[in-house]
Amino acid sequence: MIDPVDRHVLRAFAIARTTGAPALACLAGVGATPEGTFGLTGAPDGWTAPVGLLEIAVLADLALGAAARAEAGSDRRMPTLGLTIDLAGGLPPAARLTVAADEPAIDDGFVSTAGTVRDGDRAVGHCAATFALGSAGFAVLPWELRDAASVDPLAEPDLDAAETGMLAAVRAATGSSWSDTVLDDAIRDGRLHASPLLANRAGTVQGGVLFALAARAAASAVDGPVRMRGGHLDFLSAGDVAHPLDTTSTLLGAGRRTSFARAEISQDGRLVAVGSFVQHAD
């Protein structure tokens, strides 16, 4: 009998192939809840690892984008211009997160909205995003459909090299966040080598990946382990999955337990994203 986590991963790859939805979102189990919010609802019962920042960033970006498209048009392309995430503290293992978004504000080609990140009845953070209101004609994401079609899992022998590598990374995430392990696996020689599995529907590096990468770079500016309390990232240009991404960080200031850092992501000499982060010493 197939392991439930393996089955979840193989089904996530099948959904991504069939619908064009970001593979990371399918893997995280992003879906619509009965209350009309969006959350990490699809993870298997055996998935007990803690939620990583990559999952939270992917969820925030896509949940806020879904709320914006619900008002502006479900088939509209909406590149993320800026993403903010604030977290109240550590999350318990196997947390089931949801994002309840506010009513979007739409004006002159831009859409902004904010939301609350919850674990059950407890608010654990807040998020906000600004999007550019792009062209119509994009396929609706599966979790934005009322009746998404059921998709059977892929067979492991049918996986391509990137899918096989990501499955191995998820399997290796014993007691830690699978998404942190996936990000670790993509970083070599201090550079992010993004596979198409880390891309959005437009084929460029997904915004949640860039946010988590920048947060990790900001943390490296501090001596000792830290946890992000708040961060904001501006997306200046698209990240090409075919070329590595470089990061730099600057410590702006630090107190006894709180530090402030700036992070930049670049590619081939071009600035892709820049952000600032507030961190708390563990």
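Here's a quick tour of a cavity, a helix pair and an aromatic pair in this structure. Keep in mind that this is a predicted model. A search of the whole structure turns up one cavity of 30 Å³ or more, and the structure also holds one aromatic pair. Helix 6 is a good landmark to find early, since helix 5 packs against helix 6 at an angle of about 80°, and Phe211 of the aromatic pair lies in helix 6 too.

**The cavity**
- The largest cavity holds about 90 Å³ of space.
- Its lining is made up of 13 residues.
- If you want to find the centre, look for Ala43, Trp47, Val51, Glu55 and Trp178, which lie nearest to it.
- By class, the lining of the largest cavity has eleven nonpolar residues and two charged ones, with no polar residues.

**Helix 5 and helix 6**
- Helix 5 covers residues 178-186 and helix 6 covers residues 207-219, and their axes are 12 Å apart.
- With an angle of about 80° between them, the two helices count as roughly perpendicular to each other.
- On the helix 5 side, the contact involves Asp180, Leu183 and Asp184.
- Those residues meet Val209, Ala212, Leu213 and Arg216 in helix 6.
- Sorted by class, this contact has four nonpolar and three charged residues, and no polar ones.

**The aromatic pair**
- The partners are Phe211 and Phe277, arranged edge-to-face.
- Their rings sit 5.6 Å apart, centre to centre, with 70° between the planes.
- Phe211 belongs to helix 6 and Phe277 to strand 13 (residues 270-281), so the pair ties together parts that are 66 residues apart in sequence.

Notes. Residues are numbered from 1 along each chain as its sequence is written. This is a predicted model: local features need pLDDT of at least 70, side-chain atom pairs count only at pLDDT 80 or more; totals for chains, interfaces and linings use all residues. Side-chain values use heavy atoms; hydrogens and water are left out. On a 1 Å grid over the protein atoms alone, a cavity is a set of points where a 1.4 Å probe fits but cannot get out, and a pocket is an open set with protein on both sides within 12 Å along at least five of seven lines; lining residues have an atom within 4 Å of a point. Grid points are joined across faces, edges and corners, and a volume is the space filled by probe spheres set on the points. Ala, Val, Leu, Ile, Met, Phe, Trp, Tyr, Cys and Pro count as nonpolar, Asp, Glu, Lys and Arg as charged, and the others, Gly among them, as polar. Axes are lines fitted to C-alpha atoms, for helices over the stretch in contact, and angles run from 0 to 180 degrees between N-to-C directions. Helices (H or I, at least four residues) and strands (E, at least two) are DSSP runs, numbered from the N terminus. Angles under 35 degrees count as roughly parallel, over 145 as roughly antiparallel, 65 to 115 as roughly perpendicular and the rest as oblique. Contact means heavy atoms within 4.5 Å. Rings of Phe, Tyr and Trp (its six-membered ring) pair if their centres lie within 6.5 Å; planes under 30 degrees apart count as stacked, over 60 as edge-to-face and the rest as tilted.
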